[in-house]
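Please look over the two chains shown here before reading on. The report below moves from a few local backbone features to the overall build of each chain and then to the place where the chains meet.

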Amino acid sequence: MESWLPIFVVAPLGMAFFNLIITKFVRHVSPYLTLSVVIFLLGLSLFFLGHEPFFYAVGGWQPPLGITLVWDSLSQLLILIVSIITLAVTLFAIPYMQQYTAQNKFYSLYLLMIAGMNGVILTGDFFNLFVFMEIASIASYALVAFGVEAEELEASFKYLILGGVSSTIILLGIALLYAATGTLNMADISATIQQGVSKNVLFFTFALFLMGFGLKSALVPFHAWLPDAHPSAPAPISAMLSGLIIKALGIYSVARIFFIIFGIVPIIKTILMVLGALSMVIGVFLAVGQWDFKRLLAYHSISQMGYVMVGIGLATPLGILGGLFHLLNHAVFKSLLFLCSGAFEYTTGTRQLKQLGGLIRKMPWTGSSCSIAALSISGVPPFNGFWSKFIIIVALFQSQNYLLAIITVFVSFMTLISFVKVQKYSLFGVLPKKLQDIKEVPVLMVSGMVILALLCIGLGVLFPVYGVSILESARNLMLEPARYLQYAMP
Amino acid sequence: MLIYFLNSILFVLGLYCLIAKKHLVKKIIGMTIMDYAINLFIILLGYKKDGIPPILLPDMDINTFLQQSVDPIPQALVLTSIVIGLSTLALMVAISLRLYEKYKTFDMSEIRRLHG
């Protein structure tokens, strides 16, 4: 059964290739091939859920020489998030992508992105992490430019340059780490560092990784590409980028590398918290003044990633729990908001908030999903966003970071204002004359959004009671990194 | 030591070219130079003066082999990294050509319809 682990990478990677061949003979099947792979992966991740941690040696080469894939509580959480969100996004994409040509190429790139993300989450080898990261990144550069309009190409080029710089810097960090420890296996590196390596090399590597993964997760001094790249992509890809890519390539890698491999160092905690607080405040201030729906959402992604970073950087049990919970919640409601913006664009042809209005009467399903997501992100009880923000704020008070706690409450308030604006201008108010005869979007698009909206409510109402064990086991791993050595090495 | 210093100059040159130049193609060249500097650095990590290829023949003594042979892992890494660099380069060139079709210029300071 352990040998099923590589399927998480192999199935989407293989289908990305075969999809292009099959659609040469049978046209218009690529959406259904993609959907079948995504459903299969969701089933597989549910099948593995709660399994004891183990590693799989690729090609039979035992670590530390060979490449390993590691299943543990942190990767389990991330794989689960990726599988659920991709299912909803794929359902949405099937009708939505009818507007575009070359759909089979879209689905191939989409599958490559999923394969890259799953690889990053599962891998136990530093260079392999880099390779999978590049697979996911290059697919996402191409997908941002998928509409080949002027703005989309411009955004994609910006994203490509900054993403390329971050990948180069991460590769330099990996090379230095190899020079210092003589191995690439994560568990082996962790063991070697505990025996002692030169502090200077180690801190230089820290700086390189912070910069590289900071660029990937769009923390504030490195955020310039995100507000261009995320809104320019087609709506399902915006949902994937904001919901999953910045988490799997950014936050997850930071958590894995700085907490589990290197062990927590006080200075890193401080840096993560300062960057997180900056992202929170600057992101929300830039978001409030936006009138482009998707651009507003993109700025909120920066702000919400700040919450996750503050929670994780706090490194207290409650703080990490809140950070991980917010990561899960943000994946759900931000993907949902991007899908809703896509649905509005699909029916009305615009995403300028000032040209919309009164949509909830014409599009009840989309409108109420959008409303639920907006309430979740602004932290209104009993939706999921409230609980994770609440946990983070309590954790900040417990560790006596009063200033930061007050900033967090304030940012939450600003988020609420911003989403009241969104609701007032898009869902309620007067329906403009030329939008009188719009209709609800197709059933598959609605079903994708309703799944996520139900998750928003479900995570808020039921999760505090039933689902905490998944988050708690991930948190325990981050607090006691020594456990990683026990199961990731023979 | 000197060679590492020269290598880091190559890296900084690439970074400078990427940041300071406005021409799209020059930015791409800067990016590529940066990439090559890293690849060279990884190769240098495994380099030994008068080293032998890392292939163990039957008539060799294992200890002298370990002292003399170069490290094979960096070479394998660099091969992968070159392939990744190539695909990024191809995508960059393709996008810059499309950008030229839309904007009729390669000057990045004139390609700014996105703002805010």
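A:Pro64 sits in the loop between strand S1 (54-57) and strand S2 (68-71) of chain A, where helices (H or I, at least four residues) and strands (E, at least two) are DSSP runs numbered from the N terminus. A cis peptide bond, with omega about 10°, joins A:Pro63 to A:Pro64. A second cis bond, with omega about 5°, links A:Pro381 and A:Pro382, and A:Pro382 lies in the loop between helix H15 (364-377) and helix H16 (384-398) of chain A. Most peptide bonds are trans, and most residues other than glycine have a negative phi.

This is a predicted model, in which local features need pLDDT of at least 70 and side-chain atom pairs count only at pLDDT 80 or more, while totals for chains, interfaces and linings use all residues. Residues are numbered from 1 along each chain as its sequence is written, and chains are lettered from A and ligands numbered from 1 in the order in which they are written.

Positive phi values are found at A:Val148, near 40°, and at A:Ala315, about 60°. A:Val148 belongs to the loop between helix H5 (126-144) and helix H6 (150-181) of chain A, and A:Ala315 to the loop between helix H12 (293-314) and helix H13 (317-348) of chain A. A residue is called buried if 20 or more other C-beta atoms, placed from the backbone, lie within 10 Å of its own, exposed if 12 or fewer, and partly exposed in between. A:Val148 is partly exposed because it has 15 such atoms within 10 Å, whereas A:Ala315, with 22, is buried.

The two chains can be set side by side.

| Chain | Helices and strands | Span of the C-alpha trace | Buried residues |
|---|---|---|---|
| A | 21 helices, 2 strands | about 70 × 60 × 45 Å | 60% of 490 residues |
| B | 4 helices, 0 strands | about 65 × 30 × 25 Å | 23% of 116 residues |

The radius of gyration, taken over C-alpha atoms, can be held against a globule rule of 2.2 Å times the number of residues to the power 0.38. Chain A has 21 Å, which agrees with the value near 23 Å for a compact globule of 490 residues; chain B has 20 Å, although a compact globule of 116 residues would have one near 13 Å.

Within chain A, 17 of the 20 residues of helix H4(A) are buried, so this helix is largely enclosed by the rest of the structure. The largest nonpolar core (buried Ala, Val, Leu, Ile, Met, Phe, Trp, Tyr and Cys residues joined through C-beta atoms within 7 Å) has 205 residues, and A:Met117 and A:Met449 are among those that touch the most other members. The largest share of this core, 18 residues, comes from helix H10 (residues 235-261) of chain A.

How many residues of chain B are in contact with chain A? There are 27, and they meet 27 residues of chain A, contact meaning that C-beta atoms, placed from the backbone, lie within 7 Å. Helix H4(B) gives the largest share of the chain B side, 14 residues.

Confidence is expressed as pLDDT, the predictor's confidence in each residue from 0 to 100. Chain B has a mean pLDDT of 90, with 98% of its residues at 70 or more, and in chain B the confidence is lowest in helix H3 (residues 62-68), at a mean of 84, and highest in H2(B), at 94. The model scores ipTM 0.95 and pTM 0.94.

Key: Contact = placed C-beta atoms within 7 Å.
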